[in-house]
Amino acid sequence: MLSVFVFSSSVCQVTISGRVTDGQGEPVPGTNVFLKDTYDGASSLGDGSFEFITTAVGKADLIAKFIGYRDFVQPVLLDAQRIVVEIRLEETISELKAVTITAGAFTANDASRRTIFKAADIASTAGATADIAGALNTLPGTQKVGESGRLFVRGGDSNEARTFIDGMVVLDAYNTTAPNTPSRGRFLPFMFKGTSFSTGGYSAEYGQALSSALVLDSKDKAESTRTDIGILSVGGDVAHTQAWDRGSVAGKIQYTNIRPYFGLINQEIDWKTPPESTEAVGVFRQQVGKDGLFKFYGNFNHSNFSLYHHDINDNGVKQLYDLTNNYRYLNGSYISSINEKWSVHGGLSYSYIQNNTQIEFDNILESEKGIHAKTVFEGSLSVRVELKTGIEVMQRNYAKSIYFNADSTYSHWFNELIAAGFAEVYIYASNKFVVRIGTRLEYCNLTGKAGVDPRGSLAYKTGATSQVSFAYGKFRQSAKHNLVSINQALDAEKADHLILNYQRVENNRTFRVETYYKRYEDLVKYENGNPLLLTNTGKGFARGVELFWRDNHSIKNVDYWFSYSFLDTKREYLDFPHRATPAFATAHNLSFVYKHFVPSIRSQVGFTYSYTTGRPFNDPNTASFNKGKTPYYADLSVNVAYLPRQFLILYVSCTNVLGRDNIFGYEYSTTTDGTGAYRRRAIRQAAPRFLFLGIFITLSKDKSVNQLPSL
Amino acid sequence: MKKVNIISILSATLLLVAHSLLATDIQYIEAMQKNIHVVYTAQSMAELQEAVNALQRIGAAEKNKWEPHYYASFGYIMMASREQDGAKKDSYLDQAMAGIEKAKTINGNDSEVVALEGFVQMMRITVDPGTRGPQYSGLAMQTFGKASAMNPDNPRALVLKAQMQFGTSKFFGSPATDACETLDLAVTKFEASASTNPLAPQWGREMATALQHECN
């Protein structure tokens, strides 16, 4: 009986053979070819050929699998002694191989290797002192505006660059500072796993941003349980992360008081109370169900300072300026897949900013509340077509009251509601060629108008390591709150972007060149110079060429990059009597960032050199507008991070070590002096240098982690 | 008579079922042992890929067995360790993680599977030590700790942990006391280890022996 069985089964043996090739007809070695639900199969050889024997009978499914290709399935009828199957594998559009749209975009993601700017770079770039905007200012497309500290992108004002966290808009992403002193971003870089900084041509998903979208993705993986303590020359902080199997919670409390530092180093500013700030940050992440993830992020800040503003004509006349700021930002988001092809991302964010300013006897109370709700669906329509579509609502309530000497009041306010929808398709012709076409529809309750903004971009791989990318788009953004509150009927300001980019990445060396043209329309303008008579009649343009080179390959333990931006921009807006280059725009911008890790002393030493040509300023003593030019700006900053123990980091950084007296512009007196001239005062750095010292201690169960990535 | 007949038929059927069950088990174990041997000893990428493919075929056919996925993942880690290109290394480690997730759903959170997950995290560091080191080293150490908590007798969780500790002590130029302590414990556990499962993981002894030289 048994022998018959064996005999019969040997009769039924079938040999399956063939060859595995890809779309180009090239062999694919190592492919796993097998019959479904059996052990029978083989791996293809160097020439793509395979052969195996099976004892299965009847109908079966022949499957072929290999990384980077779609699974191949073919039903076979095992009725002959020998079956030959030619297998042609189709490439998957894989993140690893597919071309990405690079026009206008600097994507940083530590998980992926194909990034030219890493999230960790924010912490380790000298001169940035762990400030996101500070680090991004070393990239092409940005203009260094020393007295502001904010992002200025391609001839755009700082409010044209918007920040988004997990897709949700942030109102006022910067700390409040005294006039003409640089502010820092409110968000700590170590909270984010990736940043995508776009200098134009971005996705239809992002609205209400005229020049730039900075998209920060908060971390979603549970980390290790640890406590971090920072002792800083300007304060201190304590952070704790508690991780469990599928989630984590982290909190950080930071107190900064710059008074002791200012006591040591002479300041240009006559502080009454130097800036003091208390900040609490909380993050909660929990995986839900099979692949759902809930994230919550909260930021609370209270800061205050006061100073004396001295009269330009008579330094003895001084005016008190006192500001207290309260800030809250809450962001909750949920992401989950609906099925194998579709996922949904929902988010809700709330911003609240309150400024209480006392100027001598006048009191200004200003508050802005924003709510942003958004739902985005993402999925594939076919193997090569992906769709991203969503709807969002942005509500913004602004109110400002001025109490003149406590006896008369002036108030203005607005409640703005923007409803928007967008849809965008990615069409992958192959791993070499992608087209992104999208459109955005926006409705604003104040103007009662709806607008359509088409956007499109494409990227094509010209070689194994090089690619060209092109982007076009229309963008709109409501005017600044102080303008809308005066005239609620103001239309959104608009811009068109046109970008062409070439990029080459090889062996951790990146070369990038980009050129663009940007046209501004409907900018808010003071009619006849009257700041209470606002119209959308302003116009402008910006054009430029930018270069970027980064190399962390050629010299061992060395990583450096070089950025250059040329900018030509003119605009007619606000009080401009005619088209002129705005004061924040510089024709030539240059940055050189160098980082050197020295293993023998376990230290990272870095420096950043920045240079910009002079900035325009307006001299009321001359007939022409904005024709003055400040001296050039230059700064050499250095930093050293030293790890004596694995849980301890000592950090020193100093800006402007050469002590150059940079002048950002001039303030002119509003009244003439005895000689009939308007006197001026230079806007300078508060102190030539800023020295920062920090000791960072990490306590964890296994003592193996430190705060290096968050520095 | 009739009764006896029924019983004999019944028992014969049972025997046959048992026999065929045993036969498939033997077939499974034999096929596994052959490929496990290859992933332990393979000298080339092609050999590893072939063994991984075979293990994945077994895994696809044997829906309730965690070992094929475990060893396929181990094979991918070995492939990652031989790969120079960072992007490819990451894609092998992604494959390894996919296998680990499958093994987890079949076998729950087994200490061996968790230790292997830590191995993947450790390998992630080698792609870009400067950027990934600080993050993944903490994560890997935590995962090894978790594996040890689930089964204090798992020598692989310990030897991998010792490897990480050697790395850090070397970087900081500090004495490898902690690493050697962990290693000693790992060696004791290796000596005491015994499993009734013929497919139980066996690797790690050589790693321990190699590391022991650093302690002497």
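**Exercises on a predicted two-chain model**

Trp549(A) lies in strand E28 of chain A, which covers residues 534–551. The model is predicted, and the exercises below are to be worked from it.

**Exercise 1.** State whether Trp549(A) is buried, partly exposed or exposed, and give its contacts outside its own stretch of sequence.

Solution.
- Step 1: count the neighbours. Trp549(A) has 16 other C-beta atoms within 10 Å.
- Step 2: apply the cut-offs. A buried residue has 20 or more such atoms and an exposed one has 12 or fewer. Trp549(A) falls in between, so Trp549(A) is partly exposed.
- Step 3: list the contacts. Leaving out residues up to four places away in sequence, Trp549(A) touches Thr510(A), Phe511(A), Trp561(A) and Phe562(A).
- Step 4: check one distance. Tyr560(A) is 11 residues from Trp549(A) along the chain, and their C-alpha atoms are separated by 8.4 Å.

**Exercise 2.** Find which residues of the largest nonpolar core touch the most other members, and follow the contacts of Phe164(A).

Solution.
- Step 1: take the core as a whole. The largest nonpolar core has 81 residues.
- Step 2: pick out its best-connected members. Leu136(A), Leu151(A), Phe164(A), Val170(A), Ala213(A), Leu214(A) and Leu216(A) touch the most other members.
- Step 3: ask which element gives the largest share of this core. Strand E22 of chain A, residues 408–430, does so with 5 residues.
- Step 4: follow Phe164(A). Beyond its neighbours within four places in sequence, Phe164(A) is in contact with Val169(A), Val170(A), Tyr206(A), Ala213(A), Leu214(A), Val215(A) and Leu216(A).
- Step 5: look for another core. One of 53 residues lies apart from the largest, and its members include Trp66(B), Leu116(B), Val159(B) and Leu160(B).

**Exercise 3.** Describe how domain 1 of chain B meets domain 2 of chain B.

Solution.
- Step 1: set the bounds. In chain B, domain 1 is assigned to 1–108 and domain 2 to 111–216.
- Step 2: count both sides. Domain 1 of chain B has 21 residues in contact with 13 residues of domain 2 of chain B.
- Step 3: assign the domain 1 side to elements. Helices H1 (2–41), H3 (67–82) and H4 (86–107) of chain B each give two or more residues. H4(B) makes the largest share, 10 residues.
- Step 4: sort that side by class. It holds 13 nonpolar, 4 polar and 4 charged residues.

**Exercise 4.** Describe the contact between chain A and chain B from the side of chain A.

Solution.
- Step 1: count. Chain A contributes 28 residues and chain B contributes 30 residues.
- Step 2: name the elements. On the chain A side, strands E2 (32–35) and E3 (41–43) give two or more residues.
- Step 3: sort by class. The chain A side has 9 nonpolar, 10 polar and 9 charged residues.

How values were computed: Residues numbered from 1 in each chain as written. Chains lettered and ligands numbered in written order. Predicted model: local features only at pLDDT ≥ 70, side-chain atom pairs only at ≥ 80, totals over all residues. Domains from an automatic or database assignment. Contact = placed C-beta atoms within 7 Å. Helix = DSSP H or I, 4+ residues; strand = E, 2+ residues; numbered from the N terminus. Nonpolar A, V, L, I, M, F, W, Y, C, P; charged D, E, K, R; others polar. Core = buried A, V, L, I, M, F, W, Y, C linked by C-beta atoms within 7 Å.
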